[in-house]
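Hi,

Here is the structure I said I would pass on. Have a look at it first, and my notes on the core, the cavity and the pockets follow below.

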Amino acid sequence: MAVTDLQPILNFLGTATPQAWIDAAVVNQDLLLLDHKNCEYKAASNAINLMAKYQERVELVTAMARLAREELAHHEQVMKFIKKRGVALRPLSAARYAASLRTLVRRNEPGMLTDILVISAFIEARSCERFAAIAPHLDEELGAFYASLLRTEARHYTGYLKLAHLYGDAGDIARRIEVIRAQEQALIGDPDTEFRFHSGPPTSVR
């Protein structure tokens with residue numbers, strides 16, 4: 001994916017990753033890989049949960065089945081880097097990012113589905129933006145791997161938005177994007193207590 005291809009994603013997100021996060025990622029690549037692995041697993045789990053919850057929505061189930069397979073394939077690829085580089089596996093506390101975004105999910109349908117899909121789009125778009133931000137600063141092998149993920153993550157982001165428009169109201173979606181964007185930008189820009197793939201600039205590293 002060319003750098004210019006990122007412009008629609010940057011327009012959607014409204015803010016770029018702070019340089020302080022990039023600097024922290026470069027010097028904490030073990031943590032970066034470990035949390036990236038967790039993010040891929042969680043992305044697959046989110047897709048599978050949507051398939052289970054909305055079984056009657058054929059287009060959603062079909063899209064989520066493909067997405068889950070791709071996320072699990074990415075999980076396996078990250079695991080190979082972890083093993084090859086001798087990174088010790090250990091549990092990590094979850095970043096505040098996804099959980100904080102999900103506090104915005106409405107409790108009644110169709111708002112619930114709309115919000116889950118829009119939030120999922122933001123998570124995928126931010127992942128794509130972060131892969132692009134960090135790839136040039138990594139060694140050739142890992143940088144090339146992260147760059148290779150850009151197109152897939154961009155497709156996931158647009159796929160979630162297409163599903164939101166398939167099942168929801170365009171006006172409602174536009175309003176929810178504004179609400180969710182504001183919280184997403186705060187989570188990415190405000191100082192964070194720990195470094196994670198979706199954290200803000202860390203004040204410490206754990």
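Which residues does Phe12 touch, not counting residues up to four places away in sequence? Keep in mind that this is a predicted model. The list for Phe12 runs Ala121, Phe122, Ala125, Tyr157, Leu161, Ile177 and Arg181.

Phe12 also turns up in the largest nonpolar core, which has 67 residues. Along with Leu50, Leu60 and Tyr146, Phe12 is among those with the most contacts inside that core. Helix α6 (residues 111-134) gives the most to this core, namely 15 residues.

Now the holes. There is one cavity of 30 Å³ or more, and the space in it comes to about 30 Å³. Its lining is made up of Pro110, Leu113, Thr114, Leu117, Leu163, Ala164, Tyr167 and Gly168, with α6 and α8 (150-167) each giving two or more residues. By class, that is six nonpolar, two polar and no charged.

On to the pockets. The largest has a volume of about 640 Å³. It is lined by 33 residues, and Lys42, Asn46, Ala98, Arg102 and Ile123 are the closest to its centre. Helix α3 gives the most to this lining, with eleven residues. The lining of the largest pocket splits into 15 nonpolar, seven polar and eleven charged residues.

The second largest pocket holds about 240 Å³ of space. Of its 13 lining residues, Ala63, Arg66, Arg155, His156 and Gly159 are the closest to the centre. Here α8 has the largest share, seven residues, and the classes are five nonpolar, four polar and four charged.

Cheers

Key
Residues numbered from 1 in each chain as written. Predicted model: local features only at pLDDT ≥ 70, side-chain atom pairs only at ≥ 80, totals over all residues. Heavy atoms only, no water. Core = buried A, V, L, I, M, F, W, Y, C linked by side-chain atoms within 4.5 Å. Buried < 20%, exposed > 50% of the residue type's maximum accessible area, 1.4 Å probe, protein only. Helix = DSSP H or I, 4+ residues; strand = E, 2+ residues; numbered from the N terminus. Contact = heavy atoms within 4.5 Å. 1 Å grid on protein atoms, 1.4 Å probe; cavity = no way out; pocket = protein on both sides within 12 Å on 5 of 7 lines; lining within 4 Å. Points joined across faces, edges and corners; volume = space filled by probe spheres on them. Nonpolar A, V, L, I, M, F, W, Y, C, P; charged D, E, K, R; others polar.
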